[in-house]
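Visitor: Could you take me through one part of this structure in detail? I would like a close look at the surroundings of the ligand, and then a word on the aromatic rings.

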Amino acid sequence: MNLQDIENGTARALAELAAAEDLKALEALRVRYIGRNGLLPKLMQGLKDVPAADKPAMGQALNRFKTAVTDAVAGRKAALEAAARDARTGSLDISLPGRWARQGRLHPIQQLIDRTTDIFRRMGFTVANGPDIETEYYNFDALNTPPDHVSRDLADTFYLPGGLLLRTQTSAVQARYMETRQPPVRIVCPGRCYRRDTTDATHSANFHQIEGLYVDEAVSLADLKSDLDHFARELMGPGVRTRFRTHFFPFTEPSVEVDFSCHMCGGGGCRVCKQSGWIEIMGAGMVDPNVFAQVGYDPEAVTGYAFGMGIERLAMILFGIDDIRRLYENDGRYLAQF
Ligand code: DAH
């Protein structure tokens, strides 16, 4: 036995393995070359008769032989098995259903924030933001809300230490924005709001609103009505009508609640609008002069309108979602339909 014999043997063994026609033939070759009574153990035994000087090189050559044969057996085995599989099924089964890559999509709440802000952008509004953690001043005082007003109640508002709270309405952005700018002001402010509501089908302690504010010389209630009328048609379709009912908010005078005609029945009365033909969408009104005074605007020189609406409510109405909680359960299968 010399080195050259081993190299030649390795080459021959690899050629035979590569040509093995089936698993049985392959196994026979494996046994012949590296099995317990195969060639390799025999050659290993022969090592003891090799002159000491040649032993290391011979030993290494035998190790290379073993590795090469082991790898070749594994490689040929995988190839034969794959071929057997393809022979059974065909390499391409055109009757298999396709593999769909599920597409990501925007959450319905984000979709509606985008849709509403886009409509107001086209009407000349820009987007403004404020913090979720707000001061009592911006959330209530600056909005002409008396100290004993119900909305300040501990049972309604999440108070934090140090005069802070989780804002209960995006109206809080109004004074923040006006205090550092001069009129004209035309902004919408989408964002999260928080109230100590017990969660049920229509309430959530965390929800979203979008606020609107337009201040300039001679802004009138007629502007409010026509702009919201336009918004309603852009959002719901050309057939939608609006209705304004008198109401009260501390920061507007006069105040209104705005209904849209029911998009399901067109106003005739159905389950969705509880037979009334109308759906309440938002609060609005003419900015109270006291709010202007707080931010240093001259109530004699400017007027303005403001409005605020709940995004979840809009989503539920537009998408026919019957339970607000479905919007937060993050069940991708449910949300994927919108
Ligand atoms: N902030 C009110 C609420 O959360 C909604 C609202 C009413 C906003 C009238 C306004 C407004 O800007 O003028 O119920």
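Guide: Happily; we start with the ligand and then turn to the rings. This is a predicted model, in which local features need pLDDT of at least 70 and side-chain atom pairs count only at pLDDT 80 or more, while totals for chains, interfaces and linings use all residues. Residues are numbered from 1 along each chain as its sequence is written, and side-chain values use heavy atoms, with hydrogens and water left out.

The ligand has 15 residues around it, where a residue is near if one of its heavy atoms lies within 4 Å. Gln-169, Ser-171, Arg-195, Gln-209 and Glu-211 come nearest. Sorted by class, this shell holds eight polar, five nonpolar and two charged residues; Ala, Val, Leu, Ile, Met, Phe, Trp, Tyr, Cys and Pro count as nonpolar, Asp, Glu, Lys and Arg as charged, and the others, Gly among them, as polar. Three strands, β6 (206-216), β9 (278-287) and β10 (303-310), each supply at least two residues of the shell; strands here are DSSP runs of E with at least two residues, and helices are runs of H or I with at least four, numbered from the N terminus.

Now for the polar contacts, meaning pairs of N or O atoms within 3.5 Å. Gln-169 places a polar side-chain atom 2.8 Å from a ligand nitrogen, and Gln-209 has one 2.9 Å from a ligand oxygen. With Phe-307 it is a polar backbone atom that lies 3.3 Å from an oxygen of the ligand. Of the 360 Å² of accessible area that the ligand has on its own, the protein covers 90%, by the Shrake-Rupley method with a 1.4 Å probe.

Phe-307 also leads us to the rings, as it belongs to a cluster linked by ring pairs, together with Phe-120, Phe-125, Tyr-214, Phe-231, Phe-260 and Tyr-305. Rings of Phe, Tyr and Trp (its six-membered ring) pair if their centres lie within 6.5 Å; planes under 30 degrees apart count as stacked, over 60 as edge-to-face and the rest as tilted. The whole structure has 13 aromatic pairs. One of them joins Tyr-33 and Phe-65, whose centres are 6.2 Å apart and whose planes meet at 75°, so the pair is edge-to-face. It links distant parts of the chain, 32 residues apart: Tyr-33 sits in helix α2 (residues 23-34) and Phe-65 in helix α4 (residues 55-89). Tyr-33 is buried at 4% relative accessible area, and Phe-65 is buried at 2%; buried means under 20%, exposed over 50%, and partly exposed in between (1.4 Å probe, protein chains only).

How values were computed: Polar contact = N/O pair within 3.5 Å; in protein donor to acceptor, adjacent residues only side chain to side chain.
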